[in-house]
Amino acid sequence: SITLKHGAHRLGKRTDKQMQTWRNYGLGQFIHWGVYAIPGGHWEGKYYPGAAEWIRSWKEMPKEAYDNLYKQFNPEKFNARGWAKQAKEMGAKYVIITTKHHDGFCLWPSKYTDYTIAKSPYKKDIIGQLVDAYDAEGIDVYLYFSIIDWNHPGYRSSLKTEADRKEYEDFKTFTRNQLVELLERYPSTKGLWFDGSWDKAWIEQAEFADELGRELREMIPGLIIGSRFRADENGNRHFDTNGDMMGDYEQGWERKIPETIEDIHGNDWDCVMTIPENQWGYHSDWKGHVKTSNELIEMLVKSVSLDGNFVLNFGPDGEGNIRPEETKLAAEIGAWMDVNKEVVYGCGYLDWKKQDWGYYTVNRETGKKYMVVFNMPVSGALRVKVPDNTRPDKAYLLEQPESDITIEEIHRNEYFVHYKPMTPVKKPFVIVIETTESDADEGHYQKAKT
Ligand SMILES: C[C@@H]1N[C@@H](c2nc3ccccc3[nH]2)[C@H](O)[C@@H]1O
């Protein structure tokens with residue numbers, strides 16, 4: 001490997017308490033809220049086919065019109081306590097809240113720009129209310145911050161001229177000032193979720209970004225920052241020139257989930273996911289497939305089974321309401337978590353061969369192993385392959401600990417867990433499987449000669 005001044009500053013996972021807490025969350029909530037919720041994906045009767053929070057970039061949206069929307073932002077229905085209560089009931093252990101998206105509108109009264117909530121009819125600090133409400137529910141708060149800022153005069157996506165560079169210096173100072181301001185105002189923040197860091201201009205700021213990250217981490221010991229924040233001195237993002245991840249967890253899984261344990265390269269990671277195909281901010285007319293709670297629960301369990309966190313996005317409307325579709329899904333996920341949360345919280349990857357019926361998770365403290373079943377085989381026989389010197393002794397339904405499910409040995413290190421549900425299976429369910437470390441098997445299985 002080569003020597004880097006601004007590459008990864010740590011190899012391997014962070015082992016401190018704050019990161020252990022992060023690793024054990026399992027389920028998080030993303031909130032995308034801002035003035036883009038006012039048009040909600042439409043303008044003068046025209047439908048915007050892109051992501052609602054990007055409507056300012058649409059050729060049909062006059063920039064002037066968008067940039068004046070804040071003058072009508074007055075979300076009277078906004079109820080931070082209600083949002084936090086709903087997230088608690090869903091089972092979210094952390095929340096990531098947009099402080100400022102690509103449009104540059106600040107949901108907190110920043111003193112470094114007038115383009116903030118303080119200058120809207122609503123006036124009050126939205127971030128402060130959300131931080132207090134989620135803290136009160138015991139849900140850890142993380143702040144989303146977009147480096148891209150279409151409102152700031154010094155922002156550039158690339159630096160072509162000396163004038164660009166001079167302007168961009170002001171933008172860099174502004175960016176640092178806002179981040180320091182956020183951590184000073186909201187010291188209970190556990191981490192920052194950076195976005196919009198793919199511009200050439202920012203990629204060239206390896207030294208500045210590295211120094212800024214150091215300054216922010218000094219302000220809040222244990223602060224958690226993902227791999228999307230900065231590039232190394234050769235312009236490499238997420239992974240430096242030596243292939244080592246920069247930051248505390250991998251932030252590359254946006255609307256996608258790793259397939260195998262090899263895909264995560266031994267790093268912590270989160271998946272951030274939308275309910276429709278690709279809408280983060282409020283769009284009043286979702287087109288295409290809207291994910292069901294069964295699909296979202298499978299994504300959650302698949303993420304946990306591969307040692308990651310799953311963060312589900314909510315996009316409140318211009319009035320401050322959580323839309324009915326999201327309320328319904330939050331309730332359905334919450335009902336499932338009420339019964340099955342122990343297969344998510346504090347759980348991770350079990351190195352048993354993945355089977356078609358679903359996913360294994362294991363509790364990192366207790367070693368308790370779970371089979372989370374999504375696809376019941378017509379036979380009712382759930383195949384389980386165990387590592388050498390491991391013998392499954394007992395299996396029972398998590399919901400009925402007194403149930404005793406038959407385990408049949410069918411081959412060396414291979415078993416059928418025979419389960420015939422009494423009633424039609426409508427939601428994923430969990431079988432707990434207990435094992436003992438047995439000595440080498442008696443060798444009564446003969447390998448074929450071929
Ligand atoms: C977490 C998500 N990241 C932002 C985003 N902007 C993009 C531009 C191009 C490709 C992907 C993008 N994701 C989305 O607007 C949302 O905030």
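**Two histidines and an alanine in the predicted model**

Leaving out residues within four places in sequence, His152 makes contact with Asp170, Phe171 and Phe174. These contacts come from a predicted model, as does everything else described here. His152 itself sits in the loop that runs between strand 5 (140-146) and helix 5 (162-185). With a relative accessibility of 15%, His152 falls in the buried class, because the cut-off for buried is under 20% relative accessible area.

The other histidine, His102, also turns up in a loop, this one between strand 4 (94-100) and helix 4 (126-136). Its relative accessible area is just 2%, so His102 counts as buried too. What surrounds His102 is a mixed set of residues: setting aside those up to four places away in sequence, it touches Trp54, Tyr144, Ser146, Ile148, Asp149, Trp150, Asp195, Gly196 and Trp198. One of these, Ser146, is also a polar partner, as the side chains of His102 and Ser146 are joined by a polar contact of 2.8 Å.

Ala448 gives the opposite picture on accessibility. This residue is part of the segment that follows strand 18 (429-437). Its relative accessibility comes to 67%, and Ala448 is therefore classed as exposed, the cut-off for that class being over 50%. As for where Ala448 lies relative to Ala136, the two residues are 312 positions apart along the chain, and their C-alpha atoms are separated by 62 Å.

Technical notes. Residues numbered from 1 in each chain as written. Predicted model: local features only at pLDDT ≥ 70, side-chain atom pairs only at ≥ 80, totals over all residues. Heavy atoms only, no water. Helix = DSSP H or I, 4+ residues; strand = E, 2+ residues; numbered from the N terminus. Buried < 20%, exposed > 50% of the residue type's maximum accessible area, 1.4 Å probe, protein only. Polar contact = N/O pair within 3.5 Å; in protein donor to acceptor, adjacent residues only side chain to side chain. Contact = heavy atoms within 4.5 Å.
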